[in-house]
Amino acid sequence: MSRHGDSAALNDAVDRAERWSPFLSLLMRREPGIVDRAATGSLAPMPDIDADMPVARRLRLERRAVALTVALGDLAGWYDLTQVTAALTDFADRALDEAIRAAIVERYPGEEPRGFAAIALGKQGSRELNYSSDIDPILIFDPLTLPRRAREEPEEAAVRIAKRVVELLQARDGDGYVLRVDLRLRPSPEATPIALPVNGAIAYYESQALAWERAAFIRARAAAGDIALGQRFLDAVRPFVWRRTLDFGAVGEIRDLSRRIRDHHAQGQRLGPGYDLKRGRGGIREVEFYAQIHQLIHGGRDRALRAPATRDALEELAIAGWIDVDDAQALAAAYTLLRTIEHRVQMIDDRQTHALPAGPGLAAVAGLHGLPDGDALIALLRGPTERVGRVYDALDDDKRPGISRDPVTLVDELAAAGFAEAGAAAQRIAAWRAGTYAALRSAAAREALEAVLPVLVEALGRAPEPMRALARLDGVLERMPSAINVFRLLEARPGLAEQLSTILAHAAPLADELARQPALIDGLIDASALDDVGEVEHLAERMRGGDVVDYQARLDHVRRVVGEVRFALGAQIVLGASDPLAVAAGYARVAEAAVAVLADAAIAEFRSIHGRVPDSEFVILALGRLGGQALTHASDLDLVYLFTGDFAGESDGAKPLGATLYYTRLASRVTAALSVATAAGPLYDVDTRLRPSGAQGPLVVSLDSFARYQREEAWTWEHMALARARVVFGSAEARDAVAAIVARVLAGDRPERDIVAEARTMRAEMARHKPAKGPLDAKLLPGGLVDLEFAVHVLQLTHRTAFDPQLQRAIDGLATAGLVPPVLRAAYDLLARLLVTMRLVAPDAEPPADATRTLVAAALRLPDWDAVVASLDSARQEVERVWNGVA
């Protein structure tokens with residue numbers, strides 16, 4: 001790092017260093033060349049050092065030059081904190097790497113530094129080293145590639161190399177030392193060797209590591225030695241650090257650690273002489289912990305939040321909306337000031353200290369910083385440290401009193417909270433406390449239960465149906481493998497407990513999904529969970545992300561994302577946050593994204609074995625509700641598989657297949673990718689019976705065969721289905737080709753048939769075999785959505801107009817042509833809203849409980865339940881008039 005600038009500022013820095021810092025004064029006498037250049041307004045850190053001198057002495061001289069150069073640039077205001085810490089870290093990385101190389105070459109001449117790596121943790125990992133900081137690496141080795149002598153075990157070789165590395169860096173002589181090295185951050189340092197085999201280290205972090213170790217790895221970096229080995233290790237442990245499920249238990253442990261630090265360093269908590277800039281209340285550690293706590297919560301789901309450096313992390317957290325922007329800016333400014341003063345303290349005597357000295361020492365720190373006295377320094381620190389302390393303390397705010405264990409008092413508390421059957425509610429809670437369910441039997445689970453009970457009782461008591469919500473929560477707990485993390489999440493986010501109570505009170509399907517996959521609730525912690533889910537490409541990008549290493553992991557990742565987003569979409573309806581029509585469109589976009597991502601993954605896996613068919617591609621055509629971009633929570637996917645090119649072609653892989661067999665097997669694999677339940681849960685039911693010749697026909701056909709079938713053989717019901725056809729996977733060229741075939745067929749390039757008579761017969765047959773489930777079945781009741789769809793498609797086919805996969809637009813087109821009354825659109829909207837809502841709150845299509853009736857009315861934009869019943873009757877009558885007029 002070199003710099004030219006204002007010589008007056010640099011000369012003032014030299015004067016302050018000479019006056020207030022014995023260490024810097026000594027360095028200036030030993031490095032007169034740096035001081036001379038400073039007098040001319042120039043800083044250049046590296047003196048002329050003999051490259052052939054022993055590596056340890058050369059590094060000690062270089063460290064001395066770097067220390068002086070950085071200090072003067074810092075004091076002159078030429079280098080900001082980022083530049084200071086980067087320069088110190090760059091030197092530490094280089095010194096560590098040279099020490100590893102030297103240790104290996106000394107013992108194994110001619111060998112490269114392979115099979116041995118240093119993982120930088122702490123401030124070295126985040127490129128934020130202190131002026132007089134030690135380094136905290138974890139040293140790892142690969143037994144298969146580490147250089148060693150004959151009959152020397154890899155473990156012995158690695159330990160010898162590690163000891164020599166530490167000796168080269170820590171040994172002192174008249175020129176000082178290079179770096180202090182602390183190896184105690186490795187797993188179980190009292191029992192493990194100072195260098196760890198890479199696979200053993202991976203196994204430890206995957207199965208035994210503590211919460212503070214997760215936090216430490218936020219800032220981990222492969223810094224020296226065999227960088228590829230170090231990166232392989234970090235890639236392997238990344239899922240341990242960045243967990244998708246929100247781990248508030250780990251957050252609690254970090255808070256406890258912070259409290260223990262405050263207690264242990266009680267003498268340094270109050271601002272004044274002796275104040276610990278690192279561990280004191282409102283100090284550096286609390287800024288770092290505040291950022292790391294939020295990173296651990298949200299970083300598993302958002303890669304942008306994984307910034308190693310503290311101020312970068314605060315900025316990203318604020319951008320993402322997880323912390324207050326003003327708090328982030330205040331913490332970053334405080335962190336900058338505290339670190340700068342910490343450097344001043346360490347510049348005095350090159351000691352690794354963080355405490356403000358007393359007496360003349362405090363005046364020296366103030367003088368180095370350009371302040372008149374110690375009182376001015378304390379005044380400068382007071383506001384920032386108080387702000388940091390308040391923000392950090394707020395993490396523990398909002399603690400509620402516990403729920404009584406006395407049976408009589410418990411009943412009274414539950415009655416006061418809003419439970420009409422307080423005695424029955426008390427019995428359920430007593431059963432939880434007794435560990436009735438597997439998820440509640442451990443001491444940790446019961447502790448988490450007691451902590452969250454005040455939040456749960458308050459939230460459930462305010463639910464529309466407290467007893468029903470409590471009963472469904474009981475059912476969820478009965479099936480959960482573990483409840484600890486959910487309890488801690490709800491304790492930390494009381495507003496989420498209220499949302500959960502409302503969902504449990506109204507939506508049994510969502511409660512069932514939560515019991516199978518408790519992590520689904522994580523999605524609601526994000527404020528954007530109640531917003532529009534975004535476009536298909538945005539959703540597909542999420543599904544393509546994740547820490548995924550193979551095909552199976554991709555299937556699991558997509559299922560997690562789809563499950564989470566579908567759960568959030570259902571919650572939007574229950575919580576009254578979105579129009580059910582918008583949610584239906586969101587469900588469809590989620591499914592379309594899943595189809596695209598999983599088809600790509602299946603194709604890539606398949607091609608690795610069978611290659612590709614030249615001049616040919618796989619195409620997926622959606623029909624039904626997916627084609628019309630309006631799914632419900634329970635919808636299956638109606639798909640038709642096609643391929644372009646010559647059916648007589650052959651793939652070019654190691655195991656070639658003819659085109660038809662190739663695409664048939666590929667289609668089966670895509671269906672499995674979309675439908676088979678994995679460890680991450682189920683995804684979609686896939687229905688391929690709308691393909692040419694139905695269930696008796698081949699699973700996949702060429703585009704030419706599809707076109708010929710639709711022109712010459714397809715029945716009326718198949719052409720009706722084609723009215724909502726839409727390509728959801730394929731190149732732009734393939735999409736255009738399929739769309740052209742569909743358009744020609746719908747426009748009349750098809751067999752002449754009695755469309756009305758065939759449709760009438762088919763609808764009657766359907767009514768006999770698939771009657772309405774209940775009095776509120778908006779789909780299958782006479783005058784329901786099926787009748788409406790039949791009417792629309794018959795009119796489209798007979799008049800050859802208003803074709804659009806989306807029924808709303810198709811109805812509008814028919815109304816514009818004078819073929820249906822404009823009020824049919826309102827009838828469709830009401831029926832569709834009712835269907836989407838009832839699939840969540842009353843899947844049996846029976847009238848729901850009173851509280852849920854209010855929810856349904858609000859979803860349909862109606863004032864009350866009577867209006868729902870009247871509007872449903874009116875809509876059905878309108879549909880029946882149109883259908884009877886057509887048929």
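Here are four short exercises with worked solutions on the predicted model shown above.

**Exercise 1. Describe the chain as a whole: its secondary structure, its extent and its burial.**

Let's begin with the secondary structure, which comes to 37 helices and 11 strands. Next, take the extent: the C-alpha trace spans about 105 × 75 × 60 Å along its principal axes. For burial, the chain has 887 residues, and 57% of them count as buried. A last step looks at contacts with a separation of 6 or more: residues 24 or more positions apart account for 73% of these.

**Exercise 2. Work out what the surface and the charges of the chain look like in numbers.**

Start with the accessible surface, which comes to about 35700 Å². Carbon and sulfur atoms hold 50% of that area. Now turn to the charges: the chain has 105 positive and 123 negative ones. Averaging the positions of each set gives two points that are 2 Å apart.

**Exercise 3. Find which residues of helix H8 are buried and which are exposed, and explain the pattern.**

First, locate the helix: H8 runs over residues 198-207. Its buried residues include Val 198, Ala 201, Ile 202, Tyr 204 and Tyr 205. These residues cover an arc of only 160° around the axis, so they sit on the same side of H8. The spacing makes sense because an α-helix has 3.6 residues a turn, and residues three or four places apart point the same way. Then check the other side of H8, where Asn 199, Glu 206 and Ser 207 are exposed. Finally, ask what covers the buried residues of H8. The cover includes two strands, S4 (138-141) and S5 (195-197), along with two helices, H9 (211-216) and H10 (227-241).

**Exercise 4. Compare the settings of Asp 615 and Ala 802, each of which has a positive phi.**

A reminder helps here: most residues other than glycine have a negative phi. Asp 615 has a phi near 55°, and Ala 802 has one of about 60°. Neither residue is a glycine.

Now place them. Asp 615 lies in the loop between helix H26 (580-610) and strand S7 (618-623). Ala 802 belongs to the loop between helix H33 (785-799) and helix H34 (807-816).

The last step is accessibility. Asp 615 has a relative accessible area of 77% and is therefore exposed, the cut-off being over 50%. Ala 802, at 17% relative accessibility, counts as buried, because buried means under 20%.

Notes
Residues are numbered from 1 along each chain as its sequence is written. This is a predicted model: local features need pLDDT of at least 70, side-chain atom pairs count only at pLDDT 80 or more; totals for chains, interfaces and linings use all residues. Side-chain values use heavy atoms; hydrogens and water are left out. Buried means under 20% relative accessible area, exposed over 50%, partly exposed in between (1.4 Å probe, protein chains only). Helices (H or I, at least four residues) and strands (E, at least two) are DSSP runs, numbered from the N terminus. The arc is that of the directions from the helix axis to the C-beta atoms. Contact means heavy atoms within 4.5 Å. Accessible areas come from the Shrake-Rupley method with a 1.4 Å probe; for residues, only the protein chains shown count as cover. Lys and Arg count as positive and Asp and Glu as negative; His and the chain ends are not counted. The place of a charge is taken as NZ of Lys, CZ of Arg, CG of Asp or CD of Glu.
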